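Okay, everyone, thanks for coming. Let me put the structure up, and then I'll talk you through the sheet and what sits against it.

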Amino acid sequence: MTHGKSLGPVALLATTVLLALLAGCASTSLLSSWESPDYRGGPMKTLAVFAMVKDDELRRFAEDRMVEKIPAGTRATAGHKLFDKPDEDKEKVRAALIEAGYDSVLVSRLVTVEKTQTYVPPHTHFIQTGPYVVTSPYYGNFIGYYGQGFVIVQTTPGYTVENTTVVVETVLYKLPEDKPIWTATTRSLDPRSRPEMVEAISHIVETELQKKGLVGGSTR
């Protein structure tokens with residue numbers, strides 16, 4: 001028979017809240033990826049990185065963060081350092097990159113932002129106030145059983161939670177052919193901040209590119 005001290009009402013409530021917060025933490029994951037079966041050229045040497053978003057501050061931050069993640073062996077440059085403003089003329093940008101000696105382009109774009117609502121029904125908690133918590137079906141003795149009879153009933157009312165899903169696609173193009181050789185789609189669930197989401201996406205993209213031997217000093 002095992003006896004132990006019960007959690008006090010405050011401690012138990014704090015634990016419940018902590019678990020709820022942990023369960024609701026944002027997460028970013030790789031949704032899908034594709035690699036050209038025809039590419040045999042090895043890792044990129046000079047890579048231009050573009051984040052296709054209208055917010056100029058976010059664009060610069062995302063491009064810089066992605067560049068910082070690219071490992072040694074591939075010289076990466078943020079798009080905002082090559083062009084003051086995004087140019088809609090794709091052929092003009094392509095020609096300028098080829099002339100500058102770039103052999104590849106990494107482009108990230110927002111695919112969708114979806115908001116959904118989930119209803120969480122009311123939930124009742126029974127908080128034990130007795131001095132013992134025992135495993136016997138009869139609580140061991142009268143004192144133990146008697147102590148279990150005093151509980152605090154606490155009910156959390158129902159509420160609605162809004163969930164946000166952000167999907168981003170990243171494509172690696174080979175120059176001068178301008179052909180896609182790798183793509184990845186990431187999904188971020190309830191991102192707490194845009195910088196945090198960019199950090200997570202950058203890590204996934206860099207990890208996948210290096211794993212495939214498309215950046216860094218490795219060879220295929």
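So, strand 2, residues 46–52, runs parallel to strand 3, and the two are joined by four bridges. If you want one pair to click on, take Val-49, whose bridge partner in strand 3 is Ala-78. Do bear in mind that this is a predicted model.

Now zoom out to the sheet those two belong to. In what order do the strands of the sheet come? The order is 1-8-7-4-2-3, six strands in an open sheet, and the pairing is mixed. Strand 1, at 27–35, and strand 3, at 75–78, are the edges; each has a single partner strand, so one side of each has no neighbour in the sheet. On average, neighbouring strands here are turned by 20° against each other, ignoring direction.

What packs on this sheet? Helix 5, residues 194–211, does, and the strands it touches are strand 1, strand 4 (104–120), strand 7 (159–174) and strand 8 (179–189). Against strand 8, the helix direction makes an angle of about 140°.

Let's stay with helix 5 for a bit. There are 18 residues in it, and from first C-alpha to last it reaches 26 Å, close to the 26 Å you'd expect at 1.5 Å a residue.

Which residues of helix 5 are buried? Here's the list: Met-197, Val-198, Ile-201, Ser-202, Ile-204, Val-205, Glu-206, Glu-208 and Leu-209. Keep the usual geometry in mind: an α-helix has 3.6 residues a turn, so residues three or four places apart point the same way. You'll notice two glutamates in there, Glu-206 and Glu-208, both buried. As for what covers the buried residues of helix 5, that includes strand 1, strand 4, strand 7 and strand 8, and also helix 2, at 56–69.

Now the two ends. At the start of helix 5, Ser-193 puts a side-chain oxygen within 3.2 Å of the backbone nitrogen of Glu-196. Just after the helix, Gly-213 has a positive phi, about 75°.

Last, the whole protein. We've got five helices and eight strands, and along the sequence the pattern reads α-β-β-α-β-α-β-β-α-β-β-β-α. Of the 220 residues, 34% are buried. Looking at contacts with a separation of 6 or more, 77% are between residues 24 or more positions apart. And the accessible surface is about 13600 Å², with 58% of that belonging to carbon and sulfur atoms.

Note on methods
Residues numbered from 1 in each chain as written. Predicted model: local features only at pLDDT ≥ 70, side-chain atom pairs only at ≥ 80, totals over all residues. Heavy atoms only, no water. Pairing = 2+ DSSP bridges. Axes fitted to C-alpha atoms, helices over the stretch in contact; angles between N-to-C directions. Contact = heavy atoms within 4.5 Å. Expected span 1.5 Å × (residues − 1). Buried < 20%, exposed > 50% of the residue type's maximum accessible area, 1.4 Å probe, protein only. Polar contact = N/O pair within 3.5 Å; in protein donor to acceptor, adjacent residues only side chain to side chain. Areas by Shrake-Rupley, 256 points an atom, 1.4 Å probe, with all protein chains shown as cover.
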